[in-house]
Amino acid sequence: MSQPAEKRTVDMRTIGAWVEPGSRVLDLGCGRGQLLDYLIQTKEVVALGVDFDFAKVSECVRRGVTAYQGDLLDCMRAFPDGHFDRVICSRTLQELQGDPAAVVNEALRVGKSVTVGFINHAFWKNRIATLLHGRKVRNALDPRAWHESRPSNPLSVADFEDFCATQGITITRRAHLLGDWHSPCPFVPNLLAGYALYDLKR
Amino acid sequence: MSADPSPAPTAAPAAGEIGLVEARDFHSRQPFAFESGQTLPGFTLRYETYGELSPTRDNTILICHALSGDHHCAGQHAGDRKPGWWNNLIGPGKAVDTRRFFVVCANVLGGCVGSTGPSSVNPETGQPYGVAFPFVTIRDMVRSQKLLLDHLGVASLAAAIGGSMGGMQVLQWGIEYPLFTKRMLAMATTARESAQAIAFNEVGRQAIMQDPAWNRGDYPREGGPRVGLAIARMMAHITYLSDASMDRKFGRRKKDTADRTGNSFDVQFEVESYLRHQGQSFINRFDANSYLYITRALDQFDLAAAYGSLEQAFAPVLGETLVLGFTSDWLFPPEQNRAVALALLRAGKRASYAELDTDLGHDSFLLESPELYDLVRGFLERSEKRVSDFSI
């Protein structure tokens, strides 16, 4: 497996360890359904993915991952409070076109817990890319130049923790990973963590 | 299987095609009770099959047709220029692969293409039933086809597939026979028609019933309300298309024969000519009373009302459902397809919703689209065994 591909599976390992066996999981921005497929096989979760892209939903169906093509908020609004044991929002927040706070809050309504994973934009290498080289940040997930990539709304560990505090969201678990997206980051995560994962509760 | 002489070399099917097919008739001799409470002493369903039933008898795919469709969904009838209506989807190596699946499609009860319906002769009177025929529901269509599948020795359905009214039947299959129906693929459908869809059906019915030749449903086989039926079809056909697709197909182009001044009510625009042709060809293959009965069945279909709520309706479902909506479908719009998938999910069922971006309107489910084929193939051919390669 190439290094970028390995880095892309970072959420599988960590989220896989957090997910309770047999739980009901909603994956916002499920892509081709790899994470849910993994969770179905290793944790026997009852899974639903959401994505706006037909080809991705089609690939989910082919894999046996049930998926809904459409808007994340529209989908969540169709479910009662606490319908899902866990809502996963892995590398989705920074790409939302609308209102990220609304998505997180709606996820906290339909999910008993919410797992969020994102690339820490304040990671030192990302700071250097911007400050020293004056360039758009590129990484394993988004290696493309600005004109080839989707619009993004980069956030950092500090940004996200501030957000949770102001919204009254309880952080029940954190995983800060170094630039290899594998080894734990013991201190100064806003500077040293390349990737961050959070478990949230209302 | 049979001792028939081999067909002439010219009849050999082209690669990827089913080739020549023939319809057969299934006669049920047991009394059939309609939901309305009325009964028939028995009934006939005309059907076609493609492919072979497997030794485990679990590889059947049932194709459910829409309002104006019939059992001839694939392959070619001897002497016909056109193949069956879903030939692009069904065949050896196609999305519904007849090398793998045993495909069955029957003309619905109440229809007029060989199955028992209002144009069939009432044995008690020796005359066509006309409006004395029992009212038919989507559930009656499904229950009658179950008898056909039992007769064919089908142990379970690998899938039921249908668009529009066919999609309604697919949903009803999952509810009525949950253990039997392993997968449901419903396209361009709804759990209940909107007022607008009912309104269009009512205009069609009125066109038929206001035609003096309808004569309260009592007309000879070759006669009847041909003008009314043609108008009903012309109007309904517009609802199956979209503004964009009509504009692309016809625009404001005029017929060569059109009067240059336009001061005439003869055909001027190509779209007029097209609709007139649709109406004329329809009256040669469809019975006006069947049109009344089947549109009534469409309008009456309401899963939420029939079972208390959509979630309750879907409570018995055991199979997996895939609902496919089309962005430009304004008859059974994406919203109504989405609502079906979401209700299944709320009821705790395995369901997916996909939406194809097309501009062909309601008839998009008949579209020749590799994306549609991939989705259908992926849904049908996935085995329950799991893969364990998580590389991306």
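This report describes the fold of chain A, its contact with chain B and a nonpolar core in a predicted model.

## Chain A overall

Chain A contains nine helices and seven strands. Its radius of gyration is 16 Å, close to the 17 Å that the globule rule gives for 202 residues, so chain A is as compact as a globular protein of that length. Along the principal axes, the C-alpha atoms of chain A fill a box of roughly 45 × 35 × 30 Å.

Of the 202 residues in chain A, 44% are buried. Contacts in chain A often span long stretches of sequence: among those between residues at least 6 apart, 62% join residues at least 24 apart.

## The parallel strands β1, β2 and β3

Strand β1 (residues 24-28) of chain A pairs with β2(A) in the parallel sense, over five bridges. Within this pairing, A:D27 has A:G49 of β2(A) as its bridge partner. The unit formed by β1(A), α3(A) and β2(A) is a right-handed β-α-β unit.

What lies on the other side of the β2(A) connection? β2(A) also pairs with β3(A) in the parallel sense, here over three bridges. A:D51 stands opposite A:Q69 in β3(A). From β2(A) the chain crosses through α4(A) to β3(A), and this β-α-β crossover is right-handed as well. Five of the six residues of β2(A) are buried, so β2(A) is largely enclosed by the rest of the structure.## Helix α4 and its cover

Which residues of α4(A) are buried? They are A:V57, A:S58, A:E59, A:C60, A:V61 and A:R63. Elements of both chains help to cover the buried residues of α4(A). From chain A, the cover includes α3, β2 (46-51) and β3. From chain B, it includes β13 (320-326), β14 (351-356) and α11 (370-381). After α4(A) comes A:G64, whose phi is positive, near 95 degrees.

## The side facing chain B

In the contact between the chains, 22 residues of chain A meet 25 residues of chain B. Four elements of chain A each supply at least two residues of the side that touches chain B: α1 (3-8), α3 (34-43), α4 (54-63) and β3 (67-69). Which of them gives the most? It is α4(A), with five residues.

By residue class, the side of chain A that touches chain B divides into 12 nonpolar, eight polar and two charged residues.

## The antiparallel strands around β7

Strand β7 (residues 195-201) of chain A is mostly covered, with five of its seven residues buried. β7(A) has antiparallel pairings with β5(A) and with β6(A).

Six bridges join β7(A) to strand β5 (residues 111-119) of chain A. A:V114 has A:L200 of β7(A) as its bridge partner. Seven bridges join β7(A) to β6(A). In that pairing, A:A175 has A:L197 of β7(A) as its bridge partner.

## Two loop residues with positive phi

Most residues other than glycine have a negative phi. A:E44 is not a glycine, yet its phi is positive, about 50 degrees. A:E44 sits in the loop between α3 and β2 of chain A. Is A:E44 buried or exposed? A:E44 is exposed, because just 11 other C-beta atoms lie within 10 Å and the cut-off for exposed is 12 or fewer.

A:V188 is also not a glycine and has a positive phi, of about 45 degrees. A:V188 sits in the loop between β6 (170-177) and α9 (189-192) of chain A. With 11 other C-beta atoms within 10 Å, A:V188 is exposed.

## The nonpolar core and B:L185

In soluble globular proteins, nonpolar side chains tend to be buried together. The largest nonpolar core here has 160 residues. Which residues have the most contacts inside it? They are B:V103 and B:L185.

B:L185 lies in strand β12 (residues 183-187) of chain B. B:L185 has 26 C-beta neighbours inside 10 Å, so it counts as buried; the cut-off is 20 or more. Leaving aside neighbours within four places in sequence, B:L185 is in contact with B:A159, B:I161, B:V170, B:L322, B:V376 and B:F379. B:Y47 is 138 residues from B:L185 in sequence, and their C-alpha atoms are 20 Å apart in space.

Technical notes: Residues numbered from 1 in each chain as written. Chains lettered and ligands numbered in written order. Predicted model: local features only at pLDDT ≥ 70, side-chain atom pairs only at ≥ 80, totals over all residues. Contact = placed C-beta atoms within 7 Å. Nonpolar A, V, L, I, M, F, W, Y, C, P; charged D, E, K, R; others polar. Core = buried A, V, L, I, M, F, W, Y, C linked by C-beta atoms within 7 Å. Rg over C-alpha atoms; globule rule 2.2 N^0.38 Å. Pairing = 2+ DSSP bridges. Right-handed = clockwise from strand over helix to strand, strands pointing away.
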